[in-house]
There are 2 protein chains.
Amino acid sequence: MPSTELVIGIDVGGTEIKAGVMRGAEVIYTERFPTGRENGADHAVNQVLLAASSLHQTFPEAAAIGVVVPGVVDAVNGIAIYSENIYFDHVPFKQLVHDLTGKPVAFGHDVRAGGVAETMYGAGKGYKNSFFMMIGTGIAGAVIIEGVLLDSPYGGEVGHMDVASGLPCACGLTGCLESISTGPSIAREYNKRADANFLGGREVLEASLSGDLVATEVWNSAVKAIGQVLTATVNLLAPEIIILGGGLSKAGSHLVDPIDQYIDSHLTFQPRPKIVLAKLGDSSGMIGAGIFALRALG
Amino acid sequence: MPSTELVIGIDVGGTEIKAGVMRGAEVIYTERFPTGRENGADHAVNQVLLAASSLHQTFPEAAAIGVVVPGVVDAVNGIAIYSENIYFDHVPFKQLVHDLTGKPVAFGHDVRAGGVAETMYGAGKGYKNSFFMMIGTGIAGAVIIEGVLLDSPYGGEVGHMDVASGLPCACGLTGCLESISTGPSIAREYNKRADANFLGGREVLEASLSGDLVATEVWNSAVKAIGQVLTATVNLLAPEIIILGGGLSKAGSHLVDPIDQYIDSHLTFQPRPKIVLAKLGDSSGMIGAGIFALRALG
């Protein structure tokens with residue numbers, strides 16, 4: 001879908017709102033706004049509207065606007081149903097941004113937008129069947145089949161797939177992927193075993209690389225659990241490519257290589273997907289919002 | 001896709017070929033042919049061509065022909081890449097049947113055809129996001145997202161998802177769903193533990209219902225493993241409906257109810273899919289072949 005239309009993409013995160021103006025994959029302007037969730041959901045909603053109106057005033061020629069948020073998202077009706085991080089509760093963003101700007105507005109989920117952006121313009125360029133996994137403080141995924149995104153409110157929510165970790169999860173169950181493989185859960189498990197005070201997965205990986213055997217064990221368990229979920233994904237969907245993004249993907253080959261090996265040794269006759277790192281970094285959600293905006297033009 | 005076009009659907013099984021003429025969901029004529037795989041792949045291919053030419057001669061007004069087979073299928077190019085059961089090895093069915101009849105021909109996978117038929121005309125009517133699982137001597141699935149079938153050669157092959165059964169699988173790995181939940185594997189496990197000689201899952205279920213505790217344990221383990229795979233499927237795809245077909249689905253509520261309970265107790269915030277039995281019986285593949293035929297008309 002190469003396009004010469006100028007669009008605005010807005011990616012609403014827990015800490016900041018990334019807003020940009022783009023033409024296809026080319027980002028020609030960006031601006032960041034604090035989300036200010038500490039001041040409540042209404043304030044955060046106003047910050048999104050401020051971002052939209054600010055970029056719209058600077059680029060009145062933009063043809064459409066895309067907004068993406070985390071949590072449970074009703075893309076069809078343009079509503080942020082629920083977001084744990086930013087306290088959104090049934091916010092009709094599509095309508096609000098349209099009322100403000102008069103432009104066609106698309107609305108969607110941040111990780112699914114990121115998956116679409118990575119598949120169209122990033123690490124998955126040229127592939128039509130991909131799975132994008134975002135591993136950060138939470139874990140979510142985006143399923144793309146024959147170039148079509150699975151965009152139902154709970155589609156791709158692999159963070160709560162059972163990997164039999166034996167660890168309690170915030171959702172109330174035991175054994176979920178998020179209980180063992182997010183940055184915070186990797187740190188928590190290490191801290192518990194080593195009586196330490198690490199903040200994230202990166203420190204555990206660094207300790208492991210320095211020869212800390214407990215750190216190695218914790219890191220390997222986290223990576224293995226991701227491998228389990230991705231192997232299940234390959235069995236079910238046979239994606240040609242799996243793209244890993246989010247904070248943990250900064251581990252690079254320390255993440256990709258063992259996952260690749262795990263998947264390879266847990267498949268027999270099935271074709272292996274390529275396992276790669278995301279390329280668009282923390283702009284993927286914003287660029288995906290721009291792609292959604294283009295689609296709002298029909 | 002209601003249609004008044006008459007089409008021919010041919011479902012090639014290990015034992016027999018089901019061929020039919022239909023208008024939409026309405027099957028107006030059927031005929032069965034022995035596959036004769038014991039006489040080799042060439043013979044089986046000829047039997048498929050015999051079925052096609054026979055029905056085409058009787059219904060020359062049929063607008064298109066659909067052929068579906070088990071195994072690894074290249075739907076785009078119309079080739080049966082590999083079939084363990086019938087020994088097909090790169091058979092270009094689409095071309096062969098077109099050369100024979102001069103009609104547009106569609107080609108595809110039997111279980112995926114069944115999933116499309118069940119979703120359009122059977123138990124999943126009215127739903128756009130469904131998962132069809134066929135549980136018989138093997139286990140395979142069909143993923144339908146927004147009304148679109150995932151039709152890549154290995155899509156939906158959930159039979160080899162790891163359920164940690166601890167049992168060896170024909171694929172060479174240990175722990176696959178097929179190692180514990182197919183009819184033959186249920187019987188095998190029971191026979192091993194009880195020193196019996198059961199042939200399929202049905203006898204194990206009957207023994208369980210008569211109070212045989214070993215049978216109950218084996219049945220419950222098989223059903224639990226299916227529940228594990230379907231829970232993973234819900235996490236990944238959030239289907240609105242899951243349709244269970246194949247020989248084991250004759251167990252009815254003895255299959256559906258425990259699976260429903262397993263899934264319910266292994267999800268928290270996620271919406272629950274409906275779990276239902278297939279409605280089209282062993283005609284689903286043939287009706288699906290007819291649907292594929294319609295699509296070949298464009």
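Trainee: How do you know that the end C-alpha atoms of helix H9 (residues 284–296) of chain A lie as far apart as its 13 residues should span?

Mentor: The expected span of a helix is 1.5 Å times one less than its number of residues, and because this gives 18 Å for the 13 residues of H9(A), the 18 Å between its end C-alpha atoms agrees. This is a predicted model, in which local features need pLDDT of at least 70 and side-chain atom pairs count only at pLDDT 80 or more, while totals for chains, interfaces and linings use all residues. Residues are numbered from 1 along each chain as its sequence is written, and chains are lettered from A and ligands numbered from 1 in the order in which they are written.

Trainee: What makes H9(A) count as a helix?

Mentor: Helices are DSSP runs of H or I with at least four residues, strands are runs of E with at least two, and both are numbered from the N terminus; H9(A) has 13 residues. After H9(A) comes Gly298(A), with a positive phi near 85°.

Trainee: Why is H9(A) called mostly covered?

Mentor: A residue is buried if 20 or more other C-beta atoms, placed from the backbone, lie within 10 Å of its own, exposed if 12 or fewer do, and partly exposed in between. In H9(A), 11 of the 13 residues are buried, among them Met286(A), Ile291(A) and Phe292(A).

Trainee: Which residues make the contact between H1(A) and H2(A)?

Mentor: Helix H1 (residues 41–58) and helix H2 (residues 93–101) of chain A have axes that come within 10 Å and cross at roughly 35°, the axes being lines fitted to C-alpha atoms over the stretch in contact, with angles from 0 to 180 degrees between N-to-C directions. Residues are in contact if their C-beta atoms, placed from the backbone, lie within 7 Å, and those of H1(A) include Val48(A) and His56(A), while those of H2(A) include Phe93(A) and Leu100(A).

Trainee: How do the residues of the contact of H1(A) with H2(A) divide?

Mentor: Ala, Val, Leu, Ile, Met, Phe, Trp, Tyr, Cys and Pro count as nonpolar, Asp, Glu, Lys and Arg as charged, and the others, Gly among them, as polar; the contact has 7 nonpolar, 3 polar and no charged residues.

Trainee: What does each chain bring to the contact of chain A with chain B, and which element of chain A gives the most?

Mentor: Chain A and chain B bring 30 residues each, and H7(A) gives the most to the side of chain A, with 6 residues. That side divides into 15 nonpolar, 12 polar and 3 charged residues.

Note on methods: Two residues are in contact if their C-beta atoms, placed from the backbone, lie within 7 Å.
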